[in-house]
Amino acid sequence: MSIPLVDLRAQYCAIKNEIDQVVAEIFEEQRFIGGHHVTSLEQEIAAYANVNYAVGVASGTDALLLTFRAAGIGPGDEVITSPFTFFATAGAIVNVGAKPVFVDIDPRTFNINTDLLEQAVTPRTRAIVPVHLFGQCADMDGVWQVARKYNLMVIEDAAQSLGAAFHGQCAGTLGDAAAVSFFPSKNLGGAGDGGMVLTNDADLAEKVRLLRNHGQDTSYKHVFVGTNSRLDALQAGVLRVKLKYLPQWTEQRRSHAAYYTQHFQHIEQIKCPVEQERTYHVYNQYTIRVPRRDDALARLRQREIGCAVYYPIPLHLQPCFRELGYRKGDFPEAEKASLEVLSIPVYPELQRHQQDEIIENIQQHLTDVT
Ligand SMILES: *Cc1c(COP(=O)(O)O)cnc(C)c1O
């Protein structure tokens, strides 16, 4: 029996009645853009994360982009971030005209190494964008230490970490603002693209609110040149149904992760995810390091076990960023991680017997290659 990396069908089947009902209601209303589902979702997410403002937008990428624009980050500015993340983190920086400056990762957590932050600061630095990768918060104490010293903004890429926490405080509320993604495979995923900006800054929230709708203040009066980046009513309706289950799904992910770790932690050749003290990891991905990673990947795929490499090419080595002038060897930990990491299924509906099959195949791989 095949095991997918993420089983959205299983999730849908468990809540089909509620999803179908809200979709049917929205079709009855025929109000597809904005509306009460969007404002309610914004309030519910704000309450869930414990933040003052939540502004729904069209994607996690736009959440980053519009936050940067609202913060006035643009040409001539530098923004420090991780080279080991999804492309959008750096893509959004470039798309507002700013320059991404990469800092290598901590090999234990795959998150930005805050010991290396300060040396990347220049007079042009405006912001730090920590990415809470795979569902675990970056070292925000270390981030803020540098941000405060140099008066930099902190904008969290919380696309993979809604529900995660650092010292008891939710991801998305640990910086000046944060970007959340509702891409279907994220811990809270919609039925298409969606995203949200979280912030306690009333001005920033208002600017994003205007920017997402062509800078339109009152009817047909435009105070900024914004864009169309609104959240659809259908997305908001579906996400409202799913949000109720997010704490339960997160606990299931954590339980699966603990089961894997229990089996892998005594195997010398495997490196399990390391949960930092006082962080609450929500396991958007369960990512291990294995020897002969590509062989492991091939074996699992051949057995129809879903798995993936997040991410095979660090951003500083992406062809489109050649002009930034980075070279192979600049960020050894990110480069090493890109060769060693393997993400395996950890979705809430995963069954123990499926996990046993995955564990067995990985053990078999180790026996074959060592
Ligand atoms: C998914 C993701 C994004 C982008 O979100 P979209 O909703 O797909 O635009 C940004 N950053 C990270 C780290 C992500 O995982």
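Which residues does Arg254 touch, not counting residues up to four places away in sequence? Select Arg254 and have a look: Glu275, Tyr280, His281 and Tyr283 are the ones it touches. Keep in mind as you click around that this is a predicted model.

**Stop 1: along helix 8**

You're now in helix 8, the place of Arg254. Draw a distance from the C-alpha atom of Arg254 to that of Tyr280, and you should get 9.3 Å, although the two are 26 residues apart along the chain.

Next, select Ala257, which also lies in helix 8 (residues 246-264). Is Ala257 buried or exposed? Ala257 has 2% relative accessibility, so it counts as buried. Leave aside its neighbours within four places in sequence, and you'll find Ala257 in contact with Tyr283, Tyr286 and Val346. Try another C-alpha distance here: Ala257 to Cys272 is 9.4 Å, with their positions 15 residues apart along the chain.

Stay in helix 8 and move on to Thr261. Thr261 counts as buried because its relative accessibility is 18%, and the cut-off for buried is under 20%. Not counting residues up to four places away in sequence, Thr261 touches Cys272 and Tyr286.

**Stop 2: two domains**

Zoom out and colour residues 8-243 as domain 1 and residues 246-369 as domain 2. Their C-alpha centres lie 24 Å apart. Now look at where they meet: 44 residues of domain 1 are in contact with 34 residues of domain 2. About 3,500 Å² of area is buried between the two domains, and carbon and sulfur atoms give 63% of that.

How many salt bridges are found across the interface of domain 1 and domain 2? Zero, by the rule used here. Polar contacts are another story, with 18 residue pairs counted between the domains. On the side of domain 1 that touches domain 2, helix 1 (8-29), helix 4 (88-95), strand 3 (99-102), strand 6 (165-166) and helix 7 (233-243) each supply at least two residues. The largest share of that side comes from strand 3, with four residues.

**Stop 3: salt bridges**

The structure holds 16 salt bridges, so let's visit a few. Show the side chains of Lys16 and Asp20, which meet in a salt bridge at 2.6 Å, N to O. Both residues lie in helix 1, four residues apart, or about one turn of the helix. Lys16 is partly exposed at 36% relative accessibility, and Asp20 is partly exposed too, at 29%.

Now select Arg240 and Glu44, a salt bridge whose closest N and O atoms are 2.7 Å apart. Arg240 lies in helix 7 and Glu44 in helix 2 (residues 36-49), so this pair ties together parts that are 196 residues apart in sequence.

**Stop 4: helix 10**

Finish with helix 10, where the side chains of Lys336 and Glu340 meet in a salt bridge (3.6 Å, N to O). These two are four residues apart in the helix, so about one helical turn separates them. Lys336 is partly exposed at 41% relative accessibility, and Glu340 is partly exposed with a relative accessible area of 22%.

Which residues of helix 10 (residues 332-340) are buried? Select Ala334, Glu335, Ala337 and Ser338 to see them. They cover an arc of only 160 degrees around the axis, so they sit on the same side of helix 10. Turn on strand 11 (286-289), helix 9 (293-302) and strand 12 (341-344), which are among what covers those buried residues.

How values were computed:
Residues numbered from 1 in each chain as written. Predicted model: local features only at pLDDT ≥ 70, side-chain atom pairs only at ≥ 80, totals over all residues. Heavy atoms only, no water. Buried < 20%, exposed > 50% of the residue type's maximum accessible area, 1.4 Å probe, protein only. Arc of directions from axis to C-beta. Contact = heavy atoms within 4.5 Å. Domains from an automatic or database assignment. Buried area = accessible area lost by both parts, 1.4 Å probe. Salt bridge = Lys/Arg side-chain N within 4 Å of Asp/Glu carboxyl O. Polar contact = N/O pair within 3.5 Å; in protein donor to acceptor, adjacent residues only side chain to side chain.
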